[in-house]
Amino acid sequence: MTAPAFDTPLHIHHGDCIDYLAGLPGGCIDLVVTDPPYGIAYKTGHRTEPHRFAREIENDRDLSVVEAVVPHLYRLLKDDSACFMFCAWKRQDEVAEILAGGGSR
């Protein structure tokens, strides 16, 4: 048997991320890796209705989720931390602007 990779247990929380992040104390996060809605109203062209992947991804029409989350990340990330946020290449300039502005453009 191998030793666990972490000294403390890991926890998964299910719920609205904005509500959850609002309740966390400042400076408590070392790393964020997130794949938020891309703001492109994505819908695959490889499947047909009624397959669940043929529907447009919920909340993917704009970058409002990114705009709502970023201020929390600025408050929650420790000074020596990192944030990796996936985005659509055609919206990367807008996402970078939101990140640089602390959540506002």
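The largest cavity holds about 30 Å³ of space. This value, like those that follow, comes from a predicted model. One cavity of 30 Å³ or more is present in the structure. Its lining consists of Pro 36, Pro 37, Tyr 38, Leu 63, Val 66, Met 85, Phe 86, Cys 87 and Val 95. By class, nine of the lining residues are nonpolar. Polar and charged residues are both absent from the lining of this cavity.

Two residues of the cavity lining, Val 66 and Met 85, recur in the largest nonpolar core. That core has 14 residues. Leu 21, Ile 29, Val 66, Leu 73 and Met 85 touch the most other members. Four elements each supply at least two residues of the core: strand E1 (29-34), helix H2 (64-76), strand E2 (77-85) and helix H3 (92-100). Helix H2 gives the most, with five residues.

Leu 21 illustrates the contacts made by one core member. Beyond residues up to four places away in sequence, Leu 21 touches Val 69, His 72, Leu 73, Arg 75 and Leu 76. Among these partners, Leu 73 is itself one of the core residues that touch the most other members.

Leu 21 also belongs to the lining of the largest pocket. About 610 Å³ of space lies in this pocket. Its lining comprises 23 residues. Nearest the pocket centre lie His 13, Tyr 20, Leu 21, Leu 24 and Ile 29. Helix H1 (17-22), strand E1 and helix H2 are the elements that give two or more residues to the pocket lining. The largest share, five residues, comes from E1. By class, the lining of the pocket has 17 nonpolar residues, five polar residues and one charged residue. Ile 29 and Leu 21 thus appear in both settings: near the pocket centre and in the nonpolar core.

The cysteines were examined next. A search of the whole structure finds zero disulfides. Cys 28 is in no disulfide, and the nearest cysteine sulfur, that of Cys 83, is 14 Å away. A disulfide would need the two sulfur atoms within 2.5 Å. Cys 28 has a relative accessibility of 31%, so this residue counts as partly exposed. Cys 87 is likewise in no disulfide. For Cys 87 the nearest cysteine sulfur is also that of Cys 83, 11 Å away. With a relative accessible area of 28%, Cys 87 is partly exposed. Cys 87 also contributes to the lining of the largest cavity.

Technical notes. Residues are numbered from 1 along each chain as its sequence is written. This is a predicted model: local features need pLDDT of at least 70, side-chain atom pairs count only at pLDDT 80 or more; totals for chains, interfaces and linings use all residues. Side-chain values use heavy atoms; hydrogens and water are left out. Buried means under 20% relative accessible area, exposed over 50%, partly exposed in between (1.4 Å probe, protein chains only). On a 1 Å grid over the protein atoms alone, a cavity is a set of points where a 1.4 Å probe fits but cannot get out, and a pocket is an open set with protein on both sides within 12 Å along at least five of seven lines; lining residues have an atom within 4 Å of a point. Grid points are joined across faces, edges and corners, and a volume is the space filled by probe spheres set on the points. Ala, Val, Leu, Ile, Met, Phe, Trp, Tyr, Cys and Pro count as nonpolar, Asp, Glu, Lys and Arg as charged, and the others, Gly among them, as polar. A nonpolar core is a set of buried Ala, Val, Leu, Ile, Met, Phe, Trp, Tyr and Cys residues joined through side-chain atoms within 4.5 Å. Contact means heavy atoms within 4.5 Å.
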